[in-house]
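Here is a guided walk through one protein model. Please keep the viewer open as you read, so that you can follow each stop along the way.

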Amino acid sequence: VYITSQNHGYAVEAESLPSSASVNYINVNDGTCEGVCYELQKAFSVQFDPNACTGAKAKGFLFDEFLNMLGGDE
């Protein structure tokens, strides 16, 4: 569980995602999709601010994952 900063009036509908994408974060308060991983591309997304307080360092792995994708390590 991560405490995140959110301020959005829309959300991705999990049913609308292609079969090559999967939901990897779900908001426990309202059940909305908060993150998607795209298996055929080097891409992922989050619908929260991973750098917002509180506990920003706990979500720093997202930035590491992004940098690894840019470097072509995976």
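The paragraphs below go from the overall make-up to the sheet, then to the helix and a few individual residues.

Let's begin with the chain as a whole, keeping in mind that this is a predicted model. Its secondary structure amounts to 1 helix and 3 strands, and if you trace the chain from the N terminus you meet these elements in the order β-β-β-α. The chain has 74 residues, and 20% of them count as buried. About 5,300 Å² of the protein chain is exposed, with 52% of that area supplied by carbon and sulfur atoms. If you like contact maps, here is a figure for yours: take the contacts between residues at least 6 apart in sequence, and 28% of them join residues at least 24 apart.

Now turn to the sheet. In general, strands of a sheet pair through backbone hydrogen bonds, and the pairing can be parallel or antiparallel. Here the 3 strands make an open sheet in the order S1-S2-S3, with antiparallel pairing. Strand S1 (21–26) and strand S3 (43–46) are the edge strands, each pairing on one side only. From one strand to the next, the twist averages 20 degrees.

Take the pairing of S1 with S2 next. These two antiparallel strands are joined by 5 bridges, and you can find one bridge pair by selecting Val23, whose partner in S2 is Val36. The hairpin of S1 and S2 has 6 residues between the strands, and in this hairpin Gly31 adopts a positive phi near 75 degrees.

On to the other pairing. Strand S2 covers residues 33–38 and is joined to S3 by 4 bridges, the two running antiparallel. S2 and S3 also form a hairpin, this one with 4 residues between the strands. Two places help you to find your way here: Gly35 stands opposite Val46 in S3, and Cys37 stands opposite Phe44 in S3.

With the sheet in view, where does the helix sit? Helix H1, made of residues 61–71, lies across S1 and S3, and it runs at about 155 degrees to S3. Leu67 belongs to this helix. Is Leu67 buried or exposed? The cut-off for exposed is over 50% relative accessible area, so Leu67 counts as exposed at 53% relative accessibility. Leu67 also takes part in a nonpolar patch on the surface with Phe66 and Leu70, and together the three have about 330 Å² of accessible area.

Finally, go back to the segment before S1, where two residues deserve a look. Ser20 is located in that segment, and its relative accessible area is 16%. Buried means under 20%, so Ser20 is classed as buried. Which residues does Ser20 touch, leaving aside those up to four places away in sequence? They are Cys37, Tyr38, Glu39 and Leu40. You have met Cys37 already, as the residue opposite Phe44 in S3.

Tyr2 also has its place in the segment before S1. With 40% relative accessibility, Tyr2 counts as partly exposed. To end the walk, try a C-alpha to C-alpha distance in your viewer: Tyr2 and Asn27 are 25 residues apart in sequence, and in space they are 9.6 Å apart.

Notes
Residues numbered from 1 in each chain as written. Predicted model: local features only at pLDDT ≥ 70, side-chain atom pairs only at ≥ 80, totals over all residues. Heavy atoms only, no water. Pairing = 2+ DSSP bridges. Axes fitted to C-alpha atoms, helices over the stretch in contact; angles between N-to-C directions. Contact = heavy atoms within 4.5 Å. Buried < 20%, exposed > 50% of the residue type's maximum accessible area, 1.4 Å probe, protein only. Areas by Shrake-Rupley, 256 points an atom, 1.4 Å probe, with all protein chains shown as cover. Patch = residues over 30% accessible without salt bridge, like charges linked within 9 Å, V, L, I, M, F, W, Y side chains within 5 Å. Salt bridge = Lys/Arg side-chain N within 4 Å of Asp/Glu carboxyl O.
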